[in-house]
Structures are given as structure tokens and as C-alpha cells.
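Hi,

Here is the structure I promised to pass on. Have a look at it first, and then read my notes below.

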Amino acid sequence: MGVKKHLAYKDAGVDIDEADRAISLIRKHARTTFTREVLTDIGSFGGGFLLSGWKNPVLVSSADGVGTKIKIAFDTGRHDTIGEDLVNHCVNDIAVQGAVPLFFLDYFAAGKLSAPVTDQVISGVARACRYNGCALIGGETAEMPGLYRPGEYDLAGFIVGAVERKGMLDGSAIRAGDLLIGLPSTGMHTNGYSMARKLLFDVAKLRLDRALAEELLKVHRSYLRPLRALIDEKILKGAAHITGGGITDNTPRILPDGLGVEIKTGTWPVPPIFERLRAIGNIPDDDYRRTFNLGIGMILAVSKRNLAKAWSVLDRLEERAYEIGRVVESRTKRVLYVG
């Protein structure tokens, strides 16, 4: 009888040593985000966080990914910004409810782990966590041979924040006559990339050169600082993060029953990338407005009497902002675009 061959996990496509190297790099980045409330180190079975200093806290959580923008990272070999997109998107989602971020967890999976690629991705996660005052306290790094194509990976994020119950933003204070302020996006953020890739590369047959890559990889920005400043001044009635669905689908999410909004087109500059995509695909207005953010990443609702104060706060932060519409009475929570 022949001698049976000994098989190691590596023979099945899983390199434990490379995974250990990746985790070591993750631990290094994560520790740079730790606050004094973090009670555990990376590598524990669970992340511990001490919730202190709150009177009647509400925990606000969210989970998200970066969509097919991740394929631009694959195609360019540039992985240092995709993690920032992930964190900032999640931060914005809880910030519009009045929450400040406490901690973040990531899920990173690949068919074959590469420690250098993992290092780039998690460096972006950690950078955004530090900027937003959020601790990266754990996550999952998985190697799953055969599930992903060579050079590809998946990325998701999970955030937990807190807000005092009486300080939650739910839009219930919004009234007809309130005004809408738009804060500009930094490009496409993390939405509309399936349409954009089809138009740019399948229809227009463009090459992903450096200039186009720079445009498509612009970081999805965080709006935490302007939101917190307006909340501290007690002048923010509601805020909508403009993600998938655009202004059309996201703005109604913060409206009480019986209200809608009028958005005045032409009151803010639409970045050239969107007009380029529109021209390539001859996209109808409705689809155009529901697929892309069109240059507005956050919409703020304030009363008319507090408008000047809101401008003052935003000016102090050197935030560009535009008055883009108003709240109106309506049978349905709808968005009407007016010229």
C-alpha cells in the first residue's frame, strides 16, 4: 500500500500564515483608533466598549458596504481609500439621527488573502475612524478559496453610535415652510457605480486612465462635523444622507406625514462626471435623479428663522452649502423638482 499524502490547510487554498500577517497589520491600524472606552484588543472573541457618561442613551447602529465601487479598486490596484468610503458612509447614516459614532467593525473576505492589500484597505478604515472619533474594535478577516475571483475581495462595515434619547433626530419637528440646505458631495460617493461602469466602459468604451480613476475613487466624505455643529446650536430639524435612490428617495425618509419637498434645480453645481454619464446614456430625468447624488451628499432641514444662523455655523466650518428647496404640504411624502 502506498503512503497517504499529508494535506495541510494551505493545500485547500487557505494560508494561515498569510492570514496571521494580515491580522497583525490590522491590529496595528486598529490600535491607533482606540479610545479609553475600548476594553479589549484585536484578537479577542468579541470587542468590549465601556458606555459611560450618558444619561439616557439610545444606541444607533448601521451596516453597509461600498457597492461596485470596489471593482474600481480591483481594476486600479489602489485599495487605500475604499475603507474610508465604508466608514464615512456608516458614520453619516447614524449621524443623521443625531448619534455620535462609538465603535466600528469590519468584514473583509477574499478567496486568497494578501497581507499588503489587507493593509491598504484597513489603513483607510482606521484613518476614517480616527477622523470621526470612532474606535475600530474588531471584525472578521476571512479567506474562502473558490468564492472570489483572484485579486477580488468583499468589504462590509458595522457601526454603533449613541445619542441621548431626547436628542434623537427623527424629522418630527419638520414643518411646511422649513428650508432645505444641501451640502456638496465629493463625487459619486458610493452609489451608482454599476450604472457608471456600464456607461463608461461598456457603452463609451473608455479606458480607466489615471484621471478617470481619480474621479471614480474620490472618497465618500463624512458630514459628522457640520451635523454636530448644527445640532449643538439646536437648529437642525432633520437631515437626509443622499445615497442610493438619490435626493428623490432619501429626502422623504425624514418627513412627517402630510409633507413633501420642492427641490429647485439649478441652485447647486452638478459635477461634470454626472453630466458626462447622463450624456453617454441619454438617461431620463427620473432615473438620473434616483441613481446619482448629483453633487449633493447631505440635505439639512432648518426653519426659515434659523437660516442665517445655519449659514454662520457652516461658514465657520468652511463648508460650502446651497439653499436648494423647501418643505411643503403634500398628501404624499414626495419630491417635486421645480425649475
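**The sheet and its neighbours**

Strand β2 (residues 100–110) pairs with β4 in the antiparallel sense, over ten bridges. Within that pairing, A109 has D154 of β4 as its bridge partner. Before I go on, please keep in mind that this is a predicted model.

Strand β1 (residues 57–65) also pairs with β4, again antiparallel, this time over nine bridges. Two positions to click on here: V60 stands opposite G161 in β4, and S62 stands opposite I159 in β4.

So how enclosed is β4 itself? Nine of the twelve residues in this strand (residues 153–164) are buried, so β4 is largely enclosed by the rest of the structure.

Zooming out, there are four strands in this open sheet, in the order β1-β4-β2-β3, with mixed pairing. The edges are taken by β1 and β3 (135–143), each of which has a single partner strand, so one side of each is left without a neighbour in the sheet. On average, neighbouring strands of the sheet are turned by 15 degrees against each other, if you ignore direction. Helix α3 (residues 82–95) packs on this sheet and touches β1, β2 and β4. The direction of α3 makes about 30 degrees with that of β4.

**A helix with a buried face**

Next, turn to helix α5 (residues 193–203), where Y193, A196, L199 and L200 are buried. Seen down the axis of α5, its buried residues fall within an arc of 135 degrees, so they line one face of the helix. The spacing fits a general rule: an α-helix has 3.6 residues a turn, so residues three or four places apart point the same way.

What do the buried residues of α5 pack against? Their contacts are with α2 (70–76), α6 (210–216) and α9 (272–281). After α5 comes K205, which has a positive phi, near 55 degrees.

**One more strand pair**

Last stop: strand β6 (residues 238–241). From this strand, G238 and A240 point one way while A239 and H241 point the other way, and all of them are buried. Strand β6 is joined by four bridges to strand β8 (residues 296–302), and the two run antiparallel. If you want a residue to start from, A240 stands opposite I299 in β8.

That's the tour. Shout if anything is unclear.

Cheers

Technical notes: Residues are numbered from 1 along each chain as its sequence is written. This is a predicted model: local features need pLDDT of at least 70, side-chain atom pairs count only at pLDDT 80 or more; totals for chains, interfaces and linings use all residues. Side-chain values use heavy atoms; hydrogens and water are left out. Buried means under 20% relative accessible area, exposed over 50%, partly exposed in between (1.4 Å probe, protein chains only). Two strands pair if DSSP finds at least two bridges between them. The arc is that of the directions from the helix axis to the C-beta atoms. Contact means heavy atoms within 4.5 Å. Axes are lines fitted to C-alpha atoms, for helices over the stretch in contact, and angles run from 0 to 180 degrees between N-to-C directions.
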